[in-house]
Amino acid sequence: MKVGPAALLVALGSVTLSSTTHAFVPTGNGVSTSLSPSPSFRTAVSQSTPSKRNEKTMVMMAKIPVMDNWRVLRSGKLTGVVSNHPTYGDGEVITTSKLADPKSSEDGVVVVTISGSQYQLGKQFGAAKAAPKKNGTAAPSKKVMAPKKVAPAPAPKAAKEPPSIEQRLRAAKQEFGLTGASVGDGKYLLAGRPARSTSGKSQIWTAYRADEDGLPTGECLTVKVSANFDAIKRENSNYDMVTNGLFGGRFVKKIEFLPVADSSNKGRMANLCALVIENGDLDLKAFMASRGKVGLTGRPLRDAAAAAGQCVQAMHSSNMVWTDLKTENFVVQQNKGNDGSLTVKGIDLESARRMKGNPVDYSPEACPPEFANAFISGDGATFVLEPSYDMWSLGMMLYEVSVGKPYFDGKSPIAITKALRYDDFEADVSAVKDDKLRDLIGQCLRRNPKERPSITAFLLHPYFLTTGIGPFSF
């Protein structure tokens with residue numbers, strides 16, 4: 001949540017704030033936003049396998065395409081020979097979008113893609129029929145004599161013409177949830193419904209690259225669309241500066257900045273700019289909520305802590321202060337392995353500023369006590385940014401992922417800011433179970449900014465070097 005000075009100072013008297021993002025000083029159509037999760041994944045629905053006699057009839061009645069000789073690719077997409085499809089001809093080889101639950105794929109079940117399309121799975125690629133067993137041992141095969149009279153083969157059917165581009169576009173619209181809108185003059189196809197930023201002035205879309213026929217191809221991306229050109233241009237420059245510095249950090253990959261989202265100046269993308277970045281499964285705050293506010297432990301917790309630390313390292317080595325480090329500004333890419341590890345990456349660098357500079361906005365749950373005191377005193381806009389600002393934010397973020405809920409859970413922006421400014425405020429980290437991590441978080445949340453660790457000291461803390469999980473390299 002981000003709060004502006006005027007709103008909060010008035011509210012300190014008698015008004016409660018309900019919005020979550022506010023700028024210090026109105027600057028055009030200023031916007032600060034957090035990337036929202038991609039469209040929610042549906043779970044594959046397992047159905048009992050019908051008898052061979054009724055299988056085809058049941059599938060036809062349900063009008064669910066059948067996928068034979070199928071296999072799941074490493075990307076999570078399904079490929080195989082399709083039949084009973086409303087657009088593709090029987091016998092064509094197709095590749096779907098990602099499955100909602102690739103692990104549920106087995107012969108006879110109905111699987112669902114992330115866009116909602118269903119496919120009945122036939123025989124898997126490479127599957128072979130086993131010889132019948134007798135007394136636990138495969139029976140020897142017997143030679144079968146062919147009958148003397150063989151019925152004449154039926155006349156071959158005329159080959160079905162491949163679907164037209166228009167038919168494939170209609171199928172892709174259903175498969176990927178395409179809206180018909182695009183950015184980059186048709187280069188990126190927008191899909192699903194956009195999530196709105198907390199300010200309401202920016203939209204976050206799921207998108208796909210378009211191939212030469214205008215069909216979606218490759219992995220899904222995220223597109224941030226806004227009317228605030230200066231803010232998005234600044235974020236683009238911050239991505240370039242931080243990720244190309246001495247330490248690249250663990251940020252999502254920036255794909256492209258579009259100063260003009262659609263040069264045709266037609267439709268809803270007219271007079272807007274866009275930032276295209278790598279997609280994540282969902283943001284870290286939403287991921288924690290999906291766990292029922294149960295904190296991370298073991299390797300996933302260390303992965304999240306290390307990713308956040310490396311992002312701050314990239315910031316500070318580039319002479320920048322993030323000022324907006326919080327769980328909403330990290331995305332999770334869940335790994336397919338069985339080791340329980342997570343890939344966590346930072347996003348949203350719109351609020352990053354030069355060291356010794358002044359903030360453009362702030363989030364109460366991420367700001368340190370010294371800033372809260374300056375803000376309430378009316379000096380927030382001229383507050384001088386130091387690396388210790390981010391170290392406090394880092395401590396609060398790690399508290400949330402380890403305990404399962406924010407330190408100020410349920411409190412309003414006003415209540416958080418008031419609590420932080422009191423001289424007797426001391427962060428209580430006793431709820432953190434891991435001894436080493438509790439010590440590290442406690443150091444980050446020291447009230448005196450000069451006593452907080454540098455990012456180098458943070459990454460060299462025993463929590464990372466002697467976790468018992470295995471070696472870790474920065």
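**Close-up views of a predicted model**

**Figure 1. Aromatic pairs in the predicted model.** The structure holds 17 aromatic pairs, and the model shown here is predicted. One of these pairs is formed by F371 and Y389, whose ring centres are 5.9 Å apart; because the planes meet at 65°, the pair is edge-to-face. F371 belongs to helix α7 (residues 369–376) and Y389 to helix α8 (residues 387–403), so the contact between the rings ties together parts that are 18 residues apart in sequence. F371 has a relative accessibility of 0% and therefore counts as buried. Y389 is likewise buried, with a relative accessible area of 1%. Ring pairs also join residues into a cluster, which consists of Y362, F371, F375, F383 and Y389.

**Figure 2. Helix α8 and the residue that follows.** Of the 17 residues of α8, 16 are buried, so the helix is largely enclosed by the rest of the structure. At 1.5 Å a residue, α8 should span 24 Å, and the distance of 25 Å between its end C-alpha atoms agrees with this. Just after the helix, G404 adopts a positive phi of about 105°. Among the elements of the protein chain, α8 has the highest mean pLDDT, 98.

**Figure 3. Strand β16 between its two partners β14 and β17.** Strand β16 comprises residues 330–334 and is mostly covered, four of its five residues being buried. Strand β14 (residues 282–283) runs antiparallel to β16 and is joined to it by two bridges. In this pairing, D283 has V331 of β16 as its bridge partner. Strand β17 (residues 342–346) is also antiparallel to β16, and five bridges join the two. Here V332 finds its bridge partner in V344 of β17.

**Figure 4. An open sheet of six strands.** The strands of this sheet follow the order β8-β9-β10-β11-β13-β12, and their pairing is antiparallel. Its edge strands are β8 (178–183) and β12 (254–258), each of which pairs on one side only. On average, neighbouring strands of the sheet are turned by 35° against each other, direction ignored. Four bridges connect β12 with strand β13 (residues 273–278) in the antiparallel sense. Within that pairing, the bridge partner of L258 is A274 in β13.

**Figure 5. Helices α3 and α4 on the sheet of six strands.** Helix α3 (residues 165–176) packs on the sheet and touches β8, β9 (188–196), β10 (202–210) and β11 (216–226). The direction of α3 makes about 95° with that of β8. Helix α4 (residues 229–243) also packs on the sheet, where it touches β11, β12 and β13. The direction of α4 makes about 30° with that of β13.

**Figure 6. Confidence along the predicted chain.** The protein chain averages a pLDDT of 81, and 75% of the residues score at least 70. Helix α2 (residues 52–62) has the lowest mean pLDDT among the elements of the chain, 43. Over residues 5–22 the pLDDT is below 50; in the model this stretch has 34 contacts beyond near neighbours in sequence. Residues 469–474 also have a pLDDT below 50, and this stretch has 14 contacts in the model beyond near neighbours in sequence.

Definitions and conventions:
Residues numbered from 1 in each chain as written. Predicted model: local features only at pLDDT ≥ 70, side-chain atom pairs only at ≥ 80, totals over all residues. Heavy atoms only, no water. Phe/Tyr/Trp six-rings, centres within 6.5 Å; stacked < 30°, edge-to-face > 60°. Buried < 20%, exposed > 50% of the residue type's maximum accessible area, 1.4 Å probe, protein only. Pairing = 2+ DSSP bridges. pLDDT = per-residue confidence, 0-100. Contact = heavy atoms within 4.5 Å. Expected span 1.5 Å × (residues − 1). Axes fitted to C-alpha atoms, helices over the stretch in contact; angles between N-to-C directions.
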